[in-house]
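I opened this notebook to keep track of what I looked up and what I found. The entries follow the order in which I went through the topics.

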Amino acid sequence: MLKSLFSSSNNHNKRRPPYMEEQDTSDTSQSAILSGNFEADCSYFRELFDRSQDIVFNELLICGKYRGMIIFVDGFVDISLISRFVIEPLINKEQQFEQELNENAGHPDIQAVLQKSIVSTCTTKLEKAMNPIAAAVAAGESVLLLEGASRALIISMRVRESRAVEEAPSEPTVRGPREGFTEKLRTNTSMIRNRLKTTKLKMEPLTIGDISNTEVVLTYLEGVVKTELLDEVRTRLQRIKIDGVLESGYIEELIEDNNHSPFPQLLNTERPDRVAAALLEGKVGILIDNTPFALVLPATFLGLLQSPEDYYQRYMISTVTRWLRYWLALAALVFPSFYVAVITFHQEMVPANLLLSIASSREAVPFPAIIELFLMEITFEGLREAGIRMPRPVGQAVSIVGALVIGQAAVQAGIVSPILVIIVSFTGIASFIFPSYGLGISARLLRFPLMFLAGTLGLYGVFLGLLVICIHMLRLRSFGIPYLSPVSPLSLNNLKDTIVRVSWRSMIRRR
């Protein structure tokens, strides 16, 4: 019986997750097209956009006898531009339009309008299928319907309000560009284009989300990026099937190799200079509309520990800064666990004077070191999260003052020892050293199971936990690239920009 069950399981075809299903490219049903009946076509769109107050239906009368209608979304289109570049030309060029109608033997077609450049100052497109026309309206385009015409004219006049270009708040630097991405896709693509003025820079448009129809741009440098990597990225993006994409985190989770891993396998950044630098290294960027965070892939662990400022300072300073960052990153992960393990199981490793000082400070504390540490760590993480969620002018003050007040009060009440407050504070400061916010969250998350192992198994538990983490990172891939490269597998040529940062004259080859 067991054998038959296993055989049935092995022969069963594996199915992809619902968001990665292969899309059926065969079109089984032909989309409805414009009938040429002005009343019927207008009624169709009025019914389609029923109960949508922001959809404007503006009727026109051309040459005193031909009816027309402009359909657009109020707020996506500047009405003054519609009046100036569409309505006024149609009215002011009545003779030209009348002549064109006569040449068509009384069967007007919108192609005549396009050919005579009545609407010549905008990007235009002819379309006769109903679904693409409706999708264009929903996306912010303007649509012009004319009586008797078998095609509609889609006019690109999108004007959307967006915030000004500011410095990226999540990735501040002392030296470097102050520009950060905004929520407007075209603004973001222009900032990358401004840094890489070459015909090799390609930007492929995609649309993801069955309902949201979110615009996505795949950007890379032709001749620099590997074809295999580019094909894999295209395949994963095209397989996504989801109702809506509201932020780049949706796409990040759907295309990464292992979404059960605590480690980020893609870099998300607000800095256009960081995306441009990644493209020069042969990586691929993904820009998503309505979010200032772009995605860069593939990503490696050591790459996520690098800051853009490493390349704007002198290479000796950048090297020392990297070493400091690596050491503090390790401390943020294991320092509390090491303290618990030593105090609980390995007191012989502590010098006698220091051990006496620790014992005297813990004399009135009623809890073991592991409970004491968990209480303080959870409190510190709660204060940090509260500071992020609160309004910015008071958020930082609340988190700092709260930590000081609670720490001092806890020591005076005899709940925690003073040395533990020092350890938790140092660990909290070290956790801010990560240039990638996602990698910092991973270290904060993994710190708690390591603390538990330290409180139950001592240093053996700490090293066992670190061994499991290392094995997981060794097996992890980011679009086929080992997560710990170039350390594992070892590549001596690429170590010149990982452990150290050599001078620009020494980096003559692309990684």
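Is Arg 447 buried or exposed? I looked this up before anything else, keeping in mind that the model is predicted. Arg 447 has a relative accessibility of 1%, and because the cut-off for buried is under 20%, Arg 447 counts as buried.

**Entry: the salt bridge of Arg 447**

I then asked which side chain Arg 447 meets in a salt bridge. The partner is Glu 381, with an N to O distance of 3.4 Å. The two residues belong to distant parts of the chain, 66 residues apart, since Glu 381 lies in helix α14 (residues 369–389) and Arg 447 in helix α17 (residues 437–457). Glu 381 is buried as well, at a relative accessible area of 12%. I noted further that Glu 381 and Arg 447 belong to a network of salt bridges that also links Glu 377, Arg 384 and Arg 444.

**Entry: other salt bridges**

How many salt bridges does a search of the whole structure find? The search returns 22, and I followed up two more of them.

In one of these, the side chain of Glu 59 meets that of Arg 46, with 3.2 Å from N to O. This pair again links distant parts of the chain, with Glu 59 in strand β1 (residues 55–62) and Arg 46 in helix α2 (residues 38–48), 13 residues apart. I recorded Glu 59 as exposed, with a relative accessible area of 52%, and Arg 46 as partly exposed, with 37%.

The other joins the side chains of Glu 232 and Arg 236 at 2.7 Å, N to O. Both residues sit in helix α8 (residues 227–239), and because they are four residues apart, about one helical turn separates them. Here I found Glu 232 partly exposed, at 32% relative accessibility, whereas Arg 236 is buried, with a relative accessible area of 11%.

**Entry: helix α8**

Since Arg 236 had led me to this helix, I checked the length of α8 and then its surroundings. At 1.5 Å a residue, its 13 residues should span 18 Å, and the end C-alpha atoms are 18 Å apart, so the two values agree. Which residues of α8 are buried? They are Leu 229, Leu 230, Val 233, Arg 236, Leu 237 and Arg 239. Among the elements that cover these buried residues I listed the strands β6, β7, β9 and β10, together with helix α9.

**Entry: the sheet with β6 to β10**

Those strands took me to an open sheet of five strands, whose order I wrote down as β6-β7-β9-β10-β8, with antiparallel pairing. The edges are held by β6 (201–208) and β8 (267–269), and because each has a single partner strand, one side of each is left without a neighbour in the sheet. On average, and with direction ignored, neighbouring strands of this sheet are turned by 25° against each other.

At the β8 edge, I looked up the pairing with strand β10 (residues 294–297), which is antiparallel and runs over three bridges; one residue I traced there is Leu 267, whose bridge partner in β10 is Val 296.

Which strands does helix α9 (residues 248–255) lie across? I found β6, β7 (214–221), β8, β9 (284–288) and β10, with the helix running at about 25° to β10. Helix α10 (residues 272–280) also packs on the sheet and touches β6, β7, β8, β9 and β10, while its direction makes about 50° with that of β7.

**Entry: the sheet with β1 to β5**

Going back to β1, where Glu 59 is found, I noted an open sheet of five strands in the order β1-β2-β4-β5-β3, with antiparallel pairing. Its edge strands are β1 and β3 (123–127), each with a single partner strand, so one side of each lacks a neighbour in the sheet. The average turn between neighbouring strands of this sheet is 20°, direction ignored.

I recorded eight bridges between β1 and strand β2 (residues 66–73), which pair in the antiparallel sense, and saw that Asn 58 stands opposite Ile 70 in β2. Helix α2 packs on this sheet, where it touches β1, β2 and β4 (142–146), and its direction makes about 15° with that of β2.

**Entry: cysteines**

How many disulfides does the structure hold? The count is zero. I also looked up the accessibility of two cysteines: Cys 42 counts as buried at 4%, and Cys 470 is partly exposed at 41%.

Terms used:
Residues are numbered from 1 along each chain as its sequence is written. This is a predicted model: local features need pLDDT of at least 70, side-chain atom pairs count only at pLDDT 80 or more; totals for chains, interfaces and linings use all residues. Side-chain values use heavy atoms; hydrogens and water are left out. A disulfide is a pair of cysteine sulfur atoms within 2.5 Å. Buried means under 20% relative accessible area, exposed over 50%, partly exposed in between (1.4 Å probe, protein chains only). Two strands pair if DSSP finds at least two bridges between them. Axes are lines fitted to C-alpha atoms, for helices over the stretch in contact, and angles run from 0 to 180 degrees between N-to-C directions. Contact means heavy atoms within 4.5 Å. A salt bridge is a side-chain nitrogen of Lys or Arg within 4 Å of a carboxyl oxygen of Asp or Glu. The expected span of a helix is 1.5 Å times one less than its number of residues.
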